[in-house]
Amino acid sequence: MTFSRLYRLIREIIGGEANEFCRYFFKKEPAEIRFCEDEAEKADVAVRLCERIKDGEPMQYIFGSAYFYGLEIMCKENVLIPRSDTETVVMTALKALPYGAVFADICCGTGCIAAAILRNRPDLTAVCADVNPDAVDLTKKNLAKYGLSKRAEVVLFDVFSDWSVLPDFDCVVSNPPYIKAADMAKLPDNVRREPYNALYGGEDGLDFYKRIIKAAKSRLADKTHIIFEIGYDEAEDLYVLAKEAKLGYELIKDLSDNDRAVVLKGSFYE
Ligand SMILES: C[S@@+](CC[C@H](N)C(=O)[O-])C[C@H]1O[C@@H](n2cnc3c(N)ncnc32)[C@H](O)[C@@H]1O
């Protein structure tokens with residue numbers, strides 16, 4: 001089979017995900033593969049994998065990795081797949097974090113946020129925390145892959161437990177679970193294959209934001225400095241939470257012009 005035929009077949013099965021599939025499967029851009037007819041020998045395997053993707057299995061779980069902020073982050077089932085939306089949080093943190101700070105990546109998942117920030121800001125160190133032992137394990141592996149282990153402490157930690165057990169930190173960067181109850185039922189099939197507790201943020205989606213703001217304030221007082229990823233429809237809610245906590249509020253949009261991140265800061269930064 002020629003590559004052009006194989007590419008058409010891949011598109012027929014998985015539509016718009018074809019280019020991304022080629023990137024994972026052939027480890028090349030589709031334009032490059034076009035001139036390597038021998039790649040088409042892998043047609044049977046490619047078609048079998050596309051059928052699994054069509055049935056709702058996330059591509060990143062099949063291939064064991066996801067591209068994120070120029071890194072190839074290891075992924076596995078039971079840990080949330082890094083999203084390109086979350087790159088907005090990384091960009092925001094790279095600009096907003098004070099020189100030399102220790103940031104806590106609360107709800108770290110694969111460790112994608114901490115890895116991307118640490119790699120681009122050599123002055124920073126991190127505390128990474130997640131309640132899921134698989135996430136803690138994967139964060140350690142991803143940090144090790146990029147030679148960042150010495151600049152981060154990774155801990156198994158429940159946000160709703162006692163924060164005094166966490167090592168010292170100056171700032172929080174977090175993409176917590178934030179999907180509200182009513183929206184959980186509407187998730188597409190492939191997202192439903194990801195862990196429920198990485199997505200569900202309580203009845204109104206705000207449980208984690210409320211908890212993290214309260215705990216960070218009691219640790220950092222007027223030096224509270226938090227960067228959150230938010231859902232596209234949560235900016236107003238976060239504004240209210242920031243005002244209640246007497247924190248400054250800055251809203252950041254993503255490349256699609258959706259509300260995507262907020263920076264909340266205590267009076268120390270005024
Ligand atoms: C939306 S995912 C974000 C993962 C990663 N930061 C990212 O951006 O890809 C939320 C993470 O919160 C973790 N989590 C859920 N409940 C938690 C809790 N009570 N305490 C700490 N982490 C929790 C999940 O295991 C999951 O890894």
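Okay, so Arg 121 and Asp 123: their side chains meet in a salt bridge, 2.7 Å from N to O. This is a predicted model, by the way, so keep that in mind throughout. What I like about this pair is where it sits. Arg 121 comes out at 14% relative accessibility, which puts it in the buried class. Asp 123 is buried too, with a relative accessible area of 19%. The cut-off for buried is under 20%, so Asp 123 at 19% still makes it in.

While we're in that stretch of the chain, have a look at helix H7, residues 112-120. How many of its nine residues are buried? Seven of them, so the helix is mostly covered. By name, you've got Cys 112, Ile 113, Ala 114, Ala 115, Ala 116, Ile 117 and Leu 118.

Back to charges. The structure holds 13 salt bridges in total, and I'll pick out a few. Take Glu 72 with Lys 27, where the N to O distance is 3.1 Å. That one links distant parts of the chain: Glu 72 is in strand S2, residues 71-74, while Lys 27 is in the loop between helix H2 (18-25) and helix H3 (30-33), and the two are 45 residues apart. On accessibility, Glu 72 is partly exposed at 23%, and Lys 27 is exposed at 54%.

Glu 72 also turns up in the surroundings of Ser 65. That serine is found in strand S1, residues 65-68, and it's buried, with a relative accessible area of just 6%. Which residues does Ser 65 contact, leaving aside neighbours within four places in sequence? Tyr 24, Gln 60, Glu 72, Ile 73, Met 74 and Cys 75.

Next pair: Lys 180 and Asp 233, again a salt bridge, again 3.1 Å from N to O. Lys 180 lies in the loop between strand S6 (171-174) and helix H9 (181-184), and Asp 233 lies in the loop between S7 and H12, so this bridge ties together parts that are 53 residues apart in sequence. Asp 233 is partly exposed, with 35% relative accessible area.

Lys 180 has another acidic residue to mention, Asp 207. The two are 27 residues apart in sequence, and their C-alpha atoms are 9.5 Å apart in space. Asp 207 is found in helix H11 and counts as partly exposed, at 34% relative accessibility. Setting aside residues within four places in sequence, Asp 207 is in contact with Phe 160, Gly 201 and Gly 202.

And one more on charges: Lys 76, Asp 137 and Lys 141 are linked in a network of salt bridges.

Right, the inside. The largest nonpolar core has 38 residues, and the ones with the most contacts inside it are Ile 106, Trp 163, Leu 166 and Phe 228. Several elements supply at least two residues each, namely strands S3 (102-106), S4 (125-130), S7 (225-229) and S9 (259-265), plus helices H11 (207-220) and H12 (235-244). Which of them gives the most? H11, with seven residues.

Let's zoom in on Phe 228. Not counting residues up to four places away in sequence, Phe 228 touches a long list of partners, including Val 89, Tyr 209, Ile 212, Ile 213, Leu 238, Val 262 and Leu 264. Arg 260 is on that list as well. Then there's a second, separate core of 32 residues, and among its members are Leu 71, Leu 94, Tyr 146 and Val 154.

Val 154 brings us to the strands, since Cys 128 stands opposite Val 154 in S5. S4 and S5, the latter being residues 152-156, pair in the parallel sense over five bridges. How does the chain get from S4 to S5? Through helix H8, residues 133-145, in a right-handed β-α-β crossover.

At the other end of the list, strand S8 (residues 248-253) runs antiparallel to S9, with six bridges joining the two. Glu 250 is the residue opposite Val 263 in S9. The S8 and S9 hairpin has five residues between the strands, and Asp 257 there takes a positive phi near 70°.

Last thing, domains. The assignment for the protein chain gives domain 1 as 3-55 and domain 2 as 78-269. Their C-alpha centres lie 34 Å apart. That's it from me!

How values were computed
Residues numbered from 1 in each chain as written. Predicted model: local features only at pLDDT ≥ 70, side-chain atom pairs only at ≥ 80, totals over all residues. Heavy atoms only, no water. Helix = DSSP H or I, 4+ residues; strand = E, 2+ residues; numbered from the N terminus. Buried < 20%, exposed > 50% of the residue type's maximum accessible area, 1.4 Å probe, protein only. Contact = heavy atoms within 4.5 Å. Core = buried A, V, L, I, M, F, W, Y, C linked by side-chain atoms within 4.5 Å. Pairing = 2+ DSSP bridges. Right-handed = clockwise from strand over helix to strand, strands pointing away. Salt bridge = Lys/Arg side-chain N within 4 Å of Asp/Glu carboxyl O. Domains from an automatic or database assignment.
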